[in-house]
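Please find below my notes on the model you sent. They are set out as numbered points, to be read beside the sequence and the coordinates.

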Amino acid sequence: MLAHDPLADLGVRSDTDGGRIRVWSEHASAVELVVFDRDDLDWAVERTPLARDEHGVWSGGSARLVPGAHYGLRVDGPADFDHAFNPVHTLLDPYARGLARADDGSWRGVVQGSFADAGFEWGGVAKPRVPLDCTVVYEAHVRGFSKLNEAMPEALRGTYAGLAHDASLEYLTCLGVTTVELLPVHAFVSEERLVRQGRINAWGYNTLAFFAAHAPYASAAAQAEGAHAVRREFAGMVRRLHEAGLEVVLDVVYNHTAEEGRHGPTFSFRGIDNASYYRHDAHGGYVDTTGCGNTLDFGHEAPVRLVLDSMRYFAEELQVDGFRLDLAATLGRDDRGAYSPEHPLLQGMLADPVLAEAKLIAEPWDVGPGGWQTGNFPAGFTEWNDRYRDRMRDFWLGDLRRERETGSAGSGIGRFATRLAGSSNTFSEERGPLASLNFVTAHDGFTLADLTAFDVKHNLGNGEQNRDGTDNNNSYNHGVEGEAQDPAIRAARRRSIRNLLGTLLLSAGVPMLTAGDEFGRTQRGNNNAYCHDSPLSWLAWAEGERPRHGDALLATTRHLLRLRAENPALRPIRFGRDGEVTPGASRMAWYNADGETMGIDDWNSPAERTLQYLAASTPESEAFNRILLVVHARETETEVALPSPPGVTGYTLLWDSAEEAPSATLDGAAPLAPGERMTITGPSMRLFRADGADDADGADGLEGDR
C-alpha cells in the first residue's frame, strides 16, 4: 500500500527495535498494548499506551513485540448506547496472524515472523492459474475430507497435512477436479448456544480472526509447537496442492463475526469500536442481514480495508488462489444498507492487482431487504447460481414426481435448456456463461444421494426440533422415504443421481461438485449438518463403508470430468449471438426428438420432454470440437432421430446415463449417422461427439442460449 495511506500497515510489523502495532478505532479515548508472558497468558509483562493520529489509527511500539510474542489490546471510550468499551477486557487485534487462548477463555494475538524463520520455503512452486472455463470446483471440509482415510498416518487425518497427503492428492487428481474450495479455515469459534448444548460449529461460519488459520485443523504436533507451526502447515498444504496442479479457494465469512448479537461475547471488534465496525439501527440495536446476530458495516472505510487486507494476505503471503464470499450481498451494502455492485469493497477486489487475478466467487444473497442479488455482481465475479440449482433439481426430480402423480410434468423443457446453456437470462452478455457457478448441491442442503431419497429434512439430531435447515429442497424420494429395499426404487434413484451429475458437469458455466457426491455420500436426510463433526459429515474411505454402487458412480464422475476437459464445446467462454460467429462462444442448435429445429410448442409444452442440444466450439486456443447432448426426461422409451446439420458426418457415443457405469463397449463403437433413429430409455441423457469438419454457418437456431 502507498506510504501516505492512513490505514496502511495495520496490525503488527517488526522493526529494528522489536515491533510496532497500528490499530484503528474512531471512537476510543485510550488504547493500550498489553504483552503477556509466553508461558502464562494471564500475566501481563508490559503495558504500552498507544498514540492516536488524525485518522483514528492508534500506534506504538515495544521491544517485546517480536515473533512469538503474545499480545492483546485494552480499549476505553465513551459509554453511549452504541458503544461497548471496557478497559478491563483484553481484546484481540483484528489483524492478528496467530492466536493463543488464555485460561479465562480470552484470546491473545501471536506475532508471526517470516516463513524462513519458521523453516518454510515455497520452493519456486507457482499458482496453477487454471483458466476459468477449465475450472471444476470441489467443495470440501478440511477435517471431514480425510478424517476417515486410513491410507495416511492417523496423526494427519482431518488436518491441513492430511489434505496435502499423497493419498488425498492422488484421489483429487484422479477424480479430475481442478480447484479445491475449502469450507471456512479462518480461525473460528462455536456459538454460545451450541457450547451450552455441548455441540460445536463444525462448518466454521463464525469467524474469530480474519488473518489466522484455524488451529484445530492443524496436526497435534503443529498445534503443540505454536501459531507459527499452524501457519507453516497451512502454507505447506497450499504448496502441495499447487505441486499437484490443484488450486485452493477459501470460503470466507466477512459478513459477520463470532461476537454474535448485541449481548454476545466480546472478543475484538465490539470492544475496539462497536459503533463503527457493526451496522446499527437508530436505537443502537444491531441490523442483522446475515442471520447470525451482527453485520459488519461496510459503509465505513475501516471494515472495507480489513477485508481487502485479509484477502490480500491469504492470496499473496499464503498463496491461495481465490475466495468464495459468503453472503456476499452484505459486502456490497453501503452506508444506507442498500446493495450496489459499485460498492468500494467489491470494486476494491477488482482493482487490487493481486485479488483481480484470483478467483472471486460470490454467494449473491443475504437475509436482509433486497438481499437476493443473483446476476447483479460486477464483471469479474462468478456467482453461485441458485436458479440453476433449483431448475435442475425441479427438472429431474420435481417434474418426475408430478408426471408420476398427475400424468404431466407441468412445464416445458425450455427453462432447463436456458440453464444448460449458461443462464443468459440471468447473466449479462458482458459477463458470459462463466459468471455462473453451477451447482446442484452444496455443504448446506441435501447431498446428491439424499436429494433422491428424502422428501423432507431429518434434522432432529441438530437439537433444534427439526426447525433448522430449509424446507424447500426440490427433492424426490422416488416413493419411499429414506432407505429403500425395492430394487426398482434404488435403481431409479441412482439414475436420477447420474442425470443430475451429468447435467452439472456438461452444462456451460463453472461446475461445483460437493465432496462425497461423486460416490453417493448420504447424511441420512440431514440437510443442515453444521453441528456434526462425526462420520455423518465425514467422507468414507474404507471398502464397505461407502454406499453400494458407489464405485460405479465414482467411475461415472471421473468419466464425465474427463469428457468435460476433452470437449471445449461444453465450456464456452462467451455467449454467442444469433447469426454471428463469436470467438470463445459455442454455436448452439436445438432439435426435438424428430431431429427438427425446436419450435415454440417444443419449448413450452409439458408433453415435450426430449431435447437434442448441438454445440460447436469457436476455437481461440483449443482445436475445433462439436458435441450432441440428447436429453429424454420421461420414464418411457422414445425414438429419437439424430439431427442432420451441415458438416456433421456421424455421432460417436461418449456416455449414456442409463448405464450404471461408463461402458467399455463405447470404445471402438461405430458412429451413428445423421438422421439415424435410436431408441432411448428414460429418464436419461446421452452425450455424443459430433464428427465432421467445422462449418461456421451450419448451426441453426440461437447461439449462446435459447
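1. Salt bridges join Arg391, Asp394, Asp399, Arg402 and Arg609 into a network. The model is a predicted one, and the network should be read as part of that prediction. Within this group, Asp394 and Arg402 form a salt bridge, with 3.0 Å between the closest N and O atoms. Asp394 has a relative accessible area of 16% and is buried, because the limit for that class is under 20%. Arg402, at 30% relative accessibility, is partly exposed.

2. The network belongs to a longer list: searching the whole structure gives 43 salt bridges. Two further pairs from the search are taken up in the next points.

3. Lys457 forms a salt bridge with Asp471, and their closest N and O atoms are 3.1 Å apart. Both residues lie in the loop between helix H12 (448-451) and helix H13 (487-506), so the pair ties together parts that are 14 residues apart in sequence. How does burial compare at the two ends, buried or exposed? Lys457 is buried, with a relative accessible area of 6%, whereas Asp471 is exposed at 60% relative accessibility.

4. Asp691 and Arg689 make another salt bridge, where the closest N and O atoms are 2.8 Å apart. Asp691 has 19% relative accessibility and counts as buried, because the cut-off is under 20%. Arg689 is partly exposed, its relative accessible area being 33%.

5. Next, the strands. Strands in a sheet pair through backbone hydrogen bonds, either parallel or antiparallel. Both kinds of pairing are described here, antiparallel in an open sheet and parallel in a barrel.

6. The open sheet has 4 strands in the order E1-E2-E6-E5, with antiparallel pairing. Its edges are strand E1 (11-15) and strand E5 (51-52), each of which pairs on one side only. E5 is joined to strand E6 (residues 57-62) over 2 bridges in the antiparallel sense. For Ala51, the bridge partner in E6 is Ser59.

7. The barrel is closed by 8 strands, ordered E10-E11-E14-E15-E16-E17-E18-E19, and the pairing is parallel. From one strand to the next the twist averages 30°. As one pairing in the barrel, strand E14 (residues 247-252) and strand E15 (residues 322-325) run in the parallel sense over 4 bridges. Val249 has Gly322 as its bridge partner in E15.

8. Last, the internal space. Empty space shows up when a probe the size of a water molecule is rolled over the atoms. How many cavities of 30 Å³ or more are counted? The count comes to 5, and the largest cavity has a volume of about 210 Å³.

9. The largest cavity is lined by 19 residues. Nearest its centre lie His141, Leu183, Trp203, Arg521 and Ser537. Strand E10 (137-140) and helix H1 (142-146) each supply at least two residues of this lining; E10 is also one of the strands of the barrel. By type, the lining of the largest cavity divides into 9 nonpolar, 7 polar and 3 charged residues.

Note on methods. Residues numbered from 1 in each chain as written. Predicted model: local features only at pLDDT ≥ 70, side-chain atom pairs only at ≥ 80, totals over all residues. Heavy atoms only, no water. Salt bridge = Lys/Arg side-chain N within 4 Å of Asp/Glu carboxyl O. Buried < 20%, exposed > 50% of the residue type's maximum accessible area, 1.4 Å probe, protein only. Pairing = 2+ DSSP bridges. 1 Å grid on protein atoms, 1.4 Å probe; cavity = no way out; pocket = protein on both sides within 12 Å on 5 of 7 lines; lining within 4 Å. Points joined across faces, edges and corners; volume = space filled by probe spheres on them. Nonpolar A, V, L, I, M, F, W, Y, C, P; charged D, E, K, R; others polar. Axes fitted to C-alpha atoms, helices over the stretch in contact; angles between N-to-C directions.
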